[in-house]
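Here are my notes after a look through this one. Have the model open while you read; the points go from the ligand outwards.

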Amino acid sequence: MGTRTVPIKRDIRAERRAAAAAFREQMAARGTCIVRLLSSPGAGKTTLLEKTAEQLRDRLRLGVLVGDVETQRDAERLRRFAPSVQITTGGACHLELPLVQDALPELGSEPFDILFVEDVGNLICPASHDLGEHLRVILLSTTEGDDKPGKYPKAFRTSQVTVISKVDLLPHVPFSVEAAARDAKQIQPQMLILSLSAMTGEGMPSWYDLLEQYRRRAAGDRNACDHPG
Ligand SMILES: Nc1nc2c(ncn2[C@@H]2O[C@H](COP(=O)(O)OP(=O)(O)O)[C@@H](O)[C@H]2O)c(=O)[nH]1
Ligand SMILES: [Mg+2]
């Protein structure tokens with residue numbers, strides 16, 4: 001079968017960019033900072049969110065939207081700590097803005113100080129989609145190898161923070177935090193690097209500080225969540 005090109009005379013990418021920018025602005029105006037987590041499957045996104053919500057829920061209004069191909073498992077884990085809604089994509093490898101906007105009312109108790117969005121686990125497709133987040137955080141766990149930033153550059157180039165997760169396993173795996181940080185910064189020179197273990201709590205205070213810093217911006221001005229630099 002031959003290929004036929006159909007001109008649709010609309011710049012769909014520009015429309016999507018504009019929709020994401022409008023959503024970002026709308027949420028900032030409500031004082032909500034959207035923090036989105038990307039990573040490969042199993043890097044520790046949900047565990048980090050569980051610990052984070054447990055730590056911050058008394059001080060901040062938190063909500064979580066979590067994407068997976070199937071099952072409600074992550075939302076069920078997270079619901080113990082914060083209102084959480086699962087978005088199942090039924091096969092798609094990433095979330096898209098309309099899915100986030102449709103799921104948001106299901107969370108109920110808006111407005112939030114921080115709305116976390118955990119994307120479907122992979123380092124390729126999510127990088128190409130703007131969900132209107134104010135902060136994009138990419139997790140790289142110590143079991144994945146320190147050479148991944150250079151191999152998946154778009155995911156790292158479009159993120160502001162790299163969280164090197166599971167540092168409690170460093171004695172058991174060949175992973176250099178310095179090498180991973182160097183690789184990530186080569187792709188994104190402004191990248192902020194945090195190393196932590198959600199399991200032992202090591203490095204978690206710096207993560208909470210970062211979130212607090214963003215939340216204060218959200219509470220204080222409409223340019224919520226600008227990258228602190
Ligand atoms: N050793 C260790 N394991 C962790 C840590 N964080 C998560 N895990 C484990 O890694 C696995 C995947 O975690 P999960 O949070 O579901 O990852 P996600 O797929 O990125 O959401 C689970 O078995 C967690 O218990 C950590 O800091 N240290
Ligand atoms: Mg998860």
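1. First, a working cut-off: a polar contact here is a pair of N or O atoms within 3.5 Å. With that in hand, look at Glu 118, where an N or O atom of the side chain is 3.2 Å from an oxygen atom of ligand 1. Do keep in mind that this is a predicted model, so the distances are computed from predicted coordinates.

2. Two more contacts to ligand 1 are worth a click. Lys 45 puts a polar side-chain atom 2.8 Å from a ligand oxygen. Gly 44 does its part through the backbone, with an N or O atom 2.9 Å from an oxygen atom of ligand 1. As for cover, ligand 1 on its own has 580 Å² of accessible area, and the protein covers 74% of that.

3. Who else is around the ligand? The shell counts 16 residues, and Gly 42, Lys 45, Thr 46, Thr 47 and Asp 168 come nearest. Sorted by class, there are 5 nonpolar, 6 polar and 5 charged residues. Which element gives the most to this shell? That's helix 2, with 3 residues.

4. Helix 2 (residues 45–56) also links this site to the sheet. The helix lies across strand 1 (33–38), strand 2, strand 4 (114–118) and strand 5 (135–141). Against strand 4, helix 2 runs at about 165°.

5. Now the sheet itself: 7 strands, open, with parallel pairing, in the order 3-2-4-1-5-6-7. Strand 3 (84–88) and strand 7 (192–195) sit at the edges with a single partner strand each, so one side of each has no neighbour in the sheet. From one strand to the next, the twist averages 20°.

6. Zooming in on the strand 3 edge, strand 2 (residues 62–68) is joined to strand 3 by 5 bridges, and the two run parallel. One pair to pick out is Val 64, whose bridge partner in strand 3 is Ser 84.

7. Last, Glu 70. You'll find Glu 70 in the loop between strand 2 and helix 3 (73–78). Leaving aside residues up to four places away in sequence, Glu 70 touches Thr 88 and Gly 90. Leu 123 is 53 residues from Glu 70 in sequence, and their C-alpha atoms are 18 Å apart.

Key:
Residues are numbered from 1 along each chain as its sequence is written. Chains are lettered from A and ligands numbered from 1 in the order in which they are written. This is a predicted model: local features need pLDDT of at least 70, side-chain atom pairs count only at pLDDT 80 or more; totals for chains, interfaces and linings use all residues. Side-chain values use heavy atoms; hydrogens and water are left out. Two strands pair if DSSP finds at least two bridges between them. Helices (H or I, at least four residues) and strands (E, at least two) are DSSP runs, numbered from the N terminus. Axes are lines fitted to C-alpha atoms, for helices over the stretch in contact, and angles run from 0 to 180 degrees between N-to-C directions. Contact means heavy atoms within 4.5 Å. A residue is near a molecule or strand if one of its heavy atoms lies within 4 Å of it. A polar contact is a pair of N or O atoms within 3.5 Å; within protein, one must be able to donate a hydrogen and the other to accept it, and residues adjacent in sequence count only if both atoms are side-chain atoms. Accessible areas come from the Shrake-Rupley method with a 1.4 Å probe; for residues, only the protein chains shown count as cover. Ala, Val, Leu, Ile, Met, Phe, Trp, Tyr, Cys and Pro count as nonpolar, Asp, Glu, Lys and Arg as charged, and the others, Gly among them, as polar.
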